[in-house]
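Grab a pencil and work through these exercises with the structure open beside you. Try each task before you read its solution.

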Amino acid sequence: MIRRLKIRFTALALTALFVLLAVIVAGMNLLNYRSVVEEADTTLSLLSRNQGAFPDFREGPGGPMDWLPPGMSPELPFTARFFSVLVNNSGEVVNTETSRIFAIDSGTASRYALDIAKKGSARGFVEKYRYMSTPERMGMRITFLDCGRELDLYHDFTLFSIGMSLAGYAVTAVAVCFFAGKFIRPVAESYEKQKRFITDAGHEIRTPLTIISANVDVLKMDMGENQCLEDIGNQAKRLAGLTNDLVCLARMEESRDSRQMIEFPVSEVVLDTAAPFRTPAQTQEKEFDCQVQPMLTMVGNNETISQLVSILLDNALKYSPRGGRISLQFGRQGRRLVLTVSNTSVLPVTDETLRHVFDRFYRADSSRNSGTGGYGIGLSMARAIVNAHGGKISASLDGNVFLVTAVFPLQTS
């Protein structure tokens, strides 16, 4: 269990870190790309208002600052590389202006413009050129701005940020894996102390219970049958059973390898364990259906698998109404062995019940009436048995039918 807790803690921490870094990197690069696009669109808007060229900044009383948008460098008209194409309403190129760019000739500019005119797009990218379409009297002017340098910087920053994030993630992952044991050490120590307490207390309680039961038997021989003695004896037996179950549960949770795992005929074990439950089911006027696929084997401990079947069927008998139905199904599904025990539920089953049904001492009946004879740890023991075999157990509700499903991986010794 501690090993699984360590793995889960490490996986959760690394997953949270990965998601956090992914959000940060994606957010930074998204803002960076948006900044590149907005700056290009601002420049294109200025060019489009002046028919694909910058205004003459030397004219006017205020100089360049009267023309430039806020935050734009006055050197922009001398460093920007752009070109424009005028396309008439018939889809023909009327004029191209490529004097402010060396890498594009008139033919290439016309081809770009005609492709954009067919799409009817107002703005976007063609390779590394950001464009903007503006209607004019003679047709549509499409202005292009060279954003190659900005896009290269954006791509370099993206690669750098991803690389640094991965490097940081790798370093943190190594640190988390190294210190994970120290992080969960208090939990592990508390869990070990709890298991030792249950085991030690169980052994200490057995002796006085044995003495009490022996004294009750002696008093019965001397005094005859007595209701008080009968009650004392019954409660002593009940407490002894609870103690044995708690010790058994603690031992099963202690290690998955604490019992010998061998290949055995599991179909026969399930059938042999289920057979004695037919008589009490008939006595209580309950329908009992048992379907077991024959000739199945599994690697595990046959005693604990038999105990698992007994626990689930006993639980189904206790919590099903007279005239209800109990069903056991066991078979192979792909690479898994699936055991399902279901019963018509006499108690209302809520989502809260399904979440806690495998917890120790949890009982769906809030009054904790012990009339059924249970202790509230049967399904906890069932979960421990399934976990010891590397499987998974779950509870669900289908209408008024309560189902417990145990799934085991199919393997050979």
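**Exercise 1. Take stock of the protein: how many helices and strands does it have, and what share of its residues counts as buried?**

Step 1. Count the elements: you should get eleven helices and twelve strands.

Step 2. Look at burial. The protein has 413 residues, and 39% of them count as buried.

Step 3. Turn to the outside. The accessible surface comes to about 24,100 Å², and carbon and sulfur atoms own 56% of that.

Step 4. Check the contacts with a separation of 6 or more: 65% of them join residues 24 or more positions apart.

**Exercise 2. Decide how far to trust the model: where does pLDDT stay under 50?**

Step 1. Remember that this is a predicted model. Its average pLDDT is 83, and 83% of the residues score at least 70.

Step 2. Now find the weak stretch. Over residues 366–370, pLDDT stays under 50, and the model has five contacts there beyond four places in sequence.

Step 3. Draw the lesson: where pLDDT is low, the predicted coordinates should not be read in detail.

**Exercise 3. Explore helix H3: which of its residues are buried, and what do they pack against?**

Step 1. Get its dimensions. H3 covers residues 106–119, so to speak 14 residues, and reaches 20 Å from first C-alpha to last, close to the 20 Å expected at 1.5 Å a residue.

Step 2. List the buried residues of H3: Thr108, Ala109, Ser110, Tyr112, Ala113 and Ile116.

Step 3. See what they pack against: strands E1 (82–88), E2 (93–97), E3 (123–126), E4 (129–136) and E5 (139–146).

Step 4. Peek just past the end of H3, where Gly120 takes a positive phi of about 75 degrees.

**Exercise 4. Map the largest nonpolar core: which helix gives the most to it?**

Step 1. Start with the size: this core has 43 residues. Val266, Leu313, Leu328, Phe330 and Leu339 have the most contacts inside it.

Step 2. Find the suppliers. Among the elements that each give at least two residues are helices H7 (266–274), H9 (302–318) and H11 (378–388), along with strands E9 (325–333) and E10 (336–344).

Step 3. Pick the top giver: H9, with eight residues.

Step 4. Zoom in on Leu328. Beyond four places in sequence, the residues it touches include Val270, Ala274, Cys290, Val309, Leu313 and Leu339.

Step 5. Put this in context: in soluble globular proteins, nonpolar side chains tend to be buried together.

**Exercise 5. Look at helix H11: is it mostly covered or mostly open?**

Step 1. Count: eight of the eleven residues of H11 are buried, which makes the helix mostly covered.

Step 2. Name some of them: Leu379, Met381, Ile385 and Val386 are among the buried ones.

Step 3. Look just after H11, where Gly390 takes a positive phi of about 75 degrees.

**Exercise 6. Classify three residues: are Cys228, Cys290 and Val269 buried or exposed?**

Step 1. Use the cut-offs: buried is under 20% relative accessible area, exposed is over 50%.

Step 2. Cys228 has 55%, so it is exposed. Cys290 has 18%, so it is buried. As for disulfides, the structure holds zero.

Step 3. Val269 comes in at 15%, so it is buried too. You'll find Val269 in helix H7.

Step 4. Check the neighbors of Val269: beyond four places in sequence, it touches Phe264, Asn302, Ile305 and Ser306. Val269 and Ser306 are 37 residues apart in sequence, yet 6.2 Å apart in space, C-alpha to C-alpha.

Methods:
Residues are numbered from 1 along each chain as its sequence is written. This is a predicted model: local features need pLDDT of at least 70, side-chain atom pairs count only at pLDDT 80 or more; totals for chains, interfaces and linings use all residues. Side-chain values use heavy atoms; hydrogens and water are left out. pLDDT is the predictor's confidence in each residue, from 0 to 100. Contact means heavy atoms within 4.5 Å. A nonpolar core is a set of buried Ala, Val, Leu, Ile, Met, Phe, Trp, Tyr and Cys residues joined through side-chain atoms within 4.5 Å. Buried means under 20% relative accessible area, exposed over 50%, partly exposed in between (1.4 Å probe, protein chains only). Helices (H or I, at least four residues) and strands (E, at least two) are DSSP runs, numbered from the N terminus. The expected span of a helix is 1.5 Å times one less than its number of residues. Accessible areas come from the Shrake-Rupley method with a 1.4 Å probe; for residues, only the protein chains shown count as cover. A disulfide is a pair of cysteine sulfur atoms within 2.5 Å.
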